[in-house]
Structures are given as structure tokens and as C-alpha cells.
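I opened this entry to keep track of what I looked up, one item at a time.

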Amino acid sequence: MSYQFENLKLEKGMYQQAGHSFTQVLEQQDPSEQYKGTSLEGMDAFQRQLKRFDIKVKGAGSDAVEKFFRTAESAVLFPEYIARAVRQGMEEENMLPAITAAVTRFDGMDYRSITAEAGGDSKRLRQVDEGAEIPSTTVKVQANLVKLRKRGRMLVASYEAVRCQKLDLFSVTLRQIGAHIARQQLEDAVEVILKGDGNNNPAKVHNVKASGTVTYEDLVDFWAKFDPYEMNTLLVGNDVMVKMLKLPEFQNPMTGLNFQGTGRLSTPLGANLLRTSAMPADTIIGLDKRFALEMVQGSDVMIEYDKLIDRQLERAAVTAVTGYAKLFDGASQVLKL
């Protein structure tokens with residue numbers, strides 16, 4: 001039985017369609033829906049092309065890099081393979097979903113976010129008498145633009161150096177590139193939370209009672225300052241994490257059991273505790289992740305596909321464009337040791 005994916009014409013131009021990724025272009029020409037009930041069900045259009053050219057990208061039996069370049073058409077698949085491996089590394093390292101309230105995809109570099117103001121009684125769910133004014137929340141655009149930044153790594157290698165390498169091993173290097181990009185994006189997010197997004201909205205800073213230390217009492221007082229928001233996420237560096245783990249309240253047997261069994265820490269305050277080296281020393285960021293931060297995605301993983309298809313791996317850039325906007329004042333605050 002002949003399938004449509006076996007006869008698609010692959011060319012560089014498939015990477016140039018505005019607003020569409022390479023896989024989306026493939027899906028338009030070879031929809032996955034038509035493979036329901038067949039042995040190819042569950043594969044996307046790109047995976048079917050790998051099958052077409054018999055390219056195995058993972059596992060003990062993975063092929064060498066040069067397998068992509070057996071034909072001019074199969075070489076067109078190489079940039080998408082790299083993009084997927086880099087994206088996988090970003091997802092494995094990505095802490096951003098745990099601290100962002102929304103992700104906005106935006107085609108450009110100048111983005112203006114929105115903010116909402118609701119002060120005084122308008123924050124309270126009070127009774128509205130007949131004929132009385134209903135409390136309002138004012139939504140308006142921010143005065144200044146959100147700064148989007150291009151983050152990435154340069155892939156520096158000659159084709160001769162990598163052509164005989166197994167794709168499974170090469171993917172490890174690409175995933176590491178993705179992890180580096182994710183780390184850079186997290187550093188940008190932390191900077192925006194601390195200093196603001198250019199709209200005079202830095203996080204409010206609170207100081208502990210005894211400088212350089214942190215007590216359970218400090219954390220409880222910090223938690224109480226979030227009303228009417230909920231402090232459901234804590235970002236800390238390694239130095240602060242060590243100090244917190246030494247608190248008697250964190251030595252609860254269930255907390256230790258959870259850490260030993262899953263590697264994840266819960267806190268007596270019910271917040272999700274996240275450790276990252278992107279945090280400054282002696283600093284704790286508290287968030288209500290539902291209302292604190294917007295991630296603006298200017299582009300997904302971008303690959304210099306021309307160079308890669310033509311086997312010019314030397315200094316091929318792998319980049320992603322993102323920015324961050326603060327949403328509600330009070331939903332992110334800082335505790336300084």
C-alpha cells in the first residue's frame with residue numbers, strides 16, 4: 001500500500017513560510033488524520049519522513065549523522081531534527097512553566113503588555129447595594145514596551161567531525177544546547193521579576209529580622225504579605241536552599257520522605273520550592289504563579305537551516321526570542337536575607 005508521505009517533495013523553502021514551522025508545513029501536505037487506524041498512527045509528519053528515509057535518531061541502533069545527507073531531500077530534514085533535540089533539552093531543563101501565568105506568542109520585537117489596577121475596596125468581594133456603584137478593575141496597556149531578547153548558542157563543528165557520530169549521541173550535545181538556552185531565559189525572567197519590565201514595577205522587597213539568616217517566622221511573615229494573592233511558588237538559590245533545609249520545620253519526616261522518593265521538596269507553607277542557580281545570593285522570590293508573570297515568545301527555536309542543509313555546520317546559530325512582562329503588583333515579592 002502506497003502512502004502520501006512517501007511522495008512528498010522536500011525543499012528548503014518549507015522553512016520559509018511565515019507563521020508556520022517546518023512540521024506544520026509538512027502536516028498541511030500530509031495530515032496525520034489520514035493515518036488513523038494504520039500502523040503509522042501516532043506519528044507526526046516529520047516522524048513519517050524519518051521513516052520514509054529509514055533514519056533512526058535514537059536508541060542503540062541509531063544511524064550516523066551522515067544518513068541525513070544520503071539524498072538532497074533527506075538533508076532537508078536535518079535542521080528540524082536539530083531543532084527538536086534542542087527543544088527537548090529546553091523542556092527537560094525548563095522551570096518557566098512553574099512560574100509563568102501565561103505564554104503569548106508574538107511575531108515581532110516590540111510588545112506592549114497589559115496591566116490591571118484594582119485598589120482599596122475594589123479588591124474585596126463586598127455586597128453591592130441597589131443603585132450603588134459596582135467596584136471596577138481597570139485594564140490598560142503598559143506605558144513601555146516589553147524587551148524581547150534573543151538567546152542562543154553557536155553550534156561549532158565541521159561536517160567531517162560529526163558525520164560518523166551516532167545521532168543518539170549527537171542528540172545529547174544538542175539537548176545540552178537547549179538546556180543552556182532555557183537557563184538564559186530563566187535568568188531573564190528572574191531579572192524582570194526583581195527589577196520590573198521597564199514599567200516602574202520592581203518586586204517589593206522585604207528584609208528578614210536578622211540579616212543573613214532565615215527563620216520559619218520570617219517565611220510565615222513573608223507568606224502573610226501576599227494577601228489577597230497566594231504565595232504558591234518559591235524561587236531560591238543553592239545558598240538559601242541549604243539554610244531552609246536546616247530549619248526544624250523542614251525536617252518533618254513526610255517532607256524528607258517526599259524528597260528522598262521524588263527529589264522534590266514541599267514546604268510547610270504549601271508553596272512549590274524551586275532551586276536554581278539563576279537566583280542572586282541571599283534572595284527568595286515568592287510568587288503567585290497564576291498572576292505574576294507573562295512570557296512573550298517572539299520565536300520558537302530558530303536554526304540556520306541553509307547552512308545545515310548544505311553541511312556548513314561551522315558556526316550555525318541556534319536561537320530563541322523571548323521576553324517577560326509583569327502582570328499584577330503584589331503577585332511577586334522578594335525576601336532579602
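I began with the side chain of T283, which reaches the backbone oxygen of A281 at 2.9 Å. The model is predicted, so I treat each value below as computed from that model.

Where does T283 sit? I found T283 in strand β10, residues 283-287. Buried or exposed? T283 has a relative accessible area of 2%, and because the cut-off for buried is under 20%, T283 counts as buried.

I then looked for a side-chain partner of T283. The side chains of T283 and K336 are joined by a polar contact of 2.7 Å. I also listed what T283 touches, leaving out residues up to four places away in sequence. The list holds L194, L235, V236, G237, V240, V334, L335 and K336.

Strand β8 was next, since L235 and V236 are on the T283 list and belong to β8, residues 233-236. Which residues of β8 are buried on each side? T233 and L235 are buried on one side, and L234 and V236 are buried on the other. Both faces of β8 are therefore covered.

I checked how β8 pairs. With strand β9, residues 272-275, β8 pairs in the parallel sense over four bridges. Within that pairing I noted T233, which stands opposite N272 in β9. With β10, β8 runs antiparallel, and four bridges join the two. There I noted L235, whose bridge partner in β10 is I285.

I went on to helix α8, residues 238-245, to see which of its residues are buried. They are V240, M241 and M244. Why are these on the same side of α8? They cover an arc of only 105 degrees around the axis, which puts them on the same side of the helix. I looked up what covers these buried residues, and the cover includes α7 (216-224), β8, β9 and β10. V240 also appears among the residues that T283 touches.

I turned to the largest pocket. About 1000 Å³ of space lies in it. The elements that give two or more residues to its lining are α1 (22-29), α4 (78-93), β11 (293-303) and β12 (316-326). Which element gives the most to this lining? β11 does, with seven residues. The lining of the largest pocket has 33 residues, and H20, S21, D300, V301 and M302 are those nearest the pocket centre.

Last, I went through the backbone for unusual geometry. Most residues other than glycine have a negative phi, and most peptide bonds are trans. I noted three departures from this, in the entries that follow.

The peptide bond from D227 to P228 is cis, with omega near 10 degrees. I placed P228 in the loop between α7 and β8.

D54 is not a glycine, yet its phi is positive, near 55 degrees. I placed D54 in the loop between α2 (45-52) and α3 (72-75). D54 counts as partly exposed, because its relative accessibility is 43%.

R315 is likewise not a glycine and has a positive phi of about 55 degrees. I found R315 in the loop between α10 (305-309) and β12. I had already met β12 among the elements that line the largest pocket.

Conventions: Residues are numbered from 1 along each chain as its sequence is written. This is a predicted model: local features need pLDDT of at least 70, side-chain atom pairs count only at pLDDT 80 or more; totals for chains, interfaces and linings use all residues. Side-chain values use heavy atoms; hydrogens and water are left out. Buried means under 20% relative accessible area, exposed over 50%, partly exposed in between (1.4 Å probe, protein chains only). A polar contact is a pair of N or O atoms within 3.5 Å; within protein, one must be able to donate a hydrogen and the other to accept it, and residues adjacent in sequence count only if both atoms are side-chain atoms. Contact means heavy atoms within 4.5 Å. Two strands pair if DSSP finds at least two bridges between them. The arc is that of the directions from the helix axis to the C-beta atoms. On a 1 Å grid over the protein atoms alone, a cavity is a set of points where a 1.4 Å probe fits but cannot get out, and a pocket is an open set with protein on both sides within 12 Å along at least five of seven lines; lining residues have an atom within 4 Å of a point. Grid points are joined across faces, edges and corners, and a volume is the space filled by probe spheres set on the points.
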